[in-house]
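Please open the structure in a viewer and keep the sequence panel visible. The tour below goes from one selection to the next.

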Amino acid sequence: MPAFTITGDIDPFLHVSLSKGEKIFCESDAMVMMEAPLQVKGQMRGGIGNALMRRLATGESFFQQEIEAVTGDGDCLLSPALPGSIELLDVSPSTSYTLSDGSFVAAESGVQVRPKMNTVGGGFFGGTGGFVIMEAVGTGKLAVSGFGSIFTLDVSPERETVIDNSHAVAWSSNLSFEVGMPQTGGGFFGNIVNSVTSGEGLVIRFRGQGKVVICSRNRSLFQAKGGN
């Protein structure tokens, strides 16, 4: 099977080694370098319906890149669109992941990234994809990226875990979650006022048993303050 390795400490590459006949898929324009035995082509994975929904709902590319080792073994280097870290996740029949906008980098061919209906709250308020978000299912390695550094949290049933909406990268699909305002103990209008005056936006509350991948930087806030 393809070997996925994260190379570099700051704005790392995803290094993938493929044996002849193996293939991976990645987000459009992710490929930085590939050796001669490899070939790249655009694919509408999941059919035109899934590709169109992915494009309209999440801003992901209509076509994704498929990289295949055609004439022999070879390596390639991939890079996410935003500066930041990369995390490798294992997808299996019992472990699938929900992805926030722009977090997908690459996956083995046994993984399918498909549209999934969001919660009502997430659809109205979230920066996590609106009413349709993406879910990675199947079997294989999945690479996701976040703006800045990445950290993986283990969520347990004993306590609710609250994440700022703009810092969520991916999470176990079996976790229940809801998007809302930070709780201040002051009622609905008190929560609104506190959210505005504190500068803290919407949050996601996760419950259950699973993992949540978060990133250190807020893309929208960075851009609003003059970042590129």
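The stops that follow cover a surface patch, a strand residue and a pair of cysteines in a predicted model.

**Stop 1: the surface patch**

Select Phe13, Val32 and Met33. Together these residues form a nonpolar patch on the surface, with about 230 Å² of accessible area. Now keep Met33 alone: Met33 lies in strand β4, which spans residues 31–34. Its relative accessible area is 33%, so Met33 counts as partly exposed.

**Stop 2: Val155**

Move to strand β14, residues 150–155, where Val155 is found. Is Val155 buried or exposed? Val155 is buried, with a relative accessible area of 1%.

Next, show the surroundings of Val155. Leaving out residues up to four places away in sequence, Val155 touches Thr161, Leu175, Phe206, Gly208, Gln209, Gly210 and Val212. Add Arg207 to the selection and draw a C-alpha distance: Val155 and Arg207 are 52 residues apart along the chain, and their C-alpha atoms are separated by 7.1 Å.

**Stop 3: the cysteines**

How many disulfides does the structure hold? The number is zero. Select Cys26 to see one case: Cys26 is in no disulfide, and its nearest cysteine sulfur, that of Cys76, is 7.1 Å away. A disulfide needs the two sulfur atoms within 2.5 Å, so Cys26 and Cys76, at 7.1 Å, do not form one. Seen from Cys76, the nearest cysteine sulfur is that of Cys26.

Finally, check the exposure of both residues. Cys26 is buried, at 0% relative accessibility. Cys76 is buried as well, with a relative accessible area of 0%.

Conventions: Residues are numbered from 1 along each chain as its sequence is written. This is a predicted model: local features need pLDDT of at least 70, side-chain atom pairs count only at pLDDT 80 or more; totals for chains, interfaces and linings use all residues. Side-chain values use heavy atoms; hydrogens and water are left out. Patches are made of residues with over 30% relative accessible area and no salt bridge: like charges are joined within 9 Å, nonpolar side chains (Val, Leu, Ile, Met, Phe, Trp, Tyr) within 5 Å. Accessible areas come from the Shrake-Rupley method with a 1.4 Å probe; for residues, only the protein chains shown count as cover. A salt bridge is a side-chain nitrogen of Lys or Arg within 4 Å of a carboxyl oxygen of Asp or Glu. Helices (H or I, at least four residues) and strands (E, at least two) are DSSP runs, numbered from the N terminus. Buried means under 20% relative accessible area, exposed over 50%, partly exposed in between (1.4 Å probe, protein chains only). Contact means heavy atoms within 4.5 Å.
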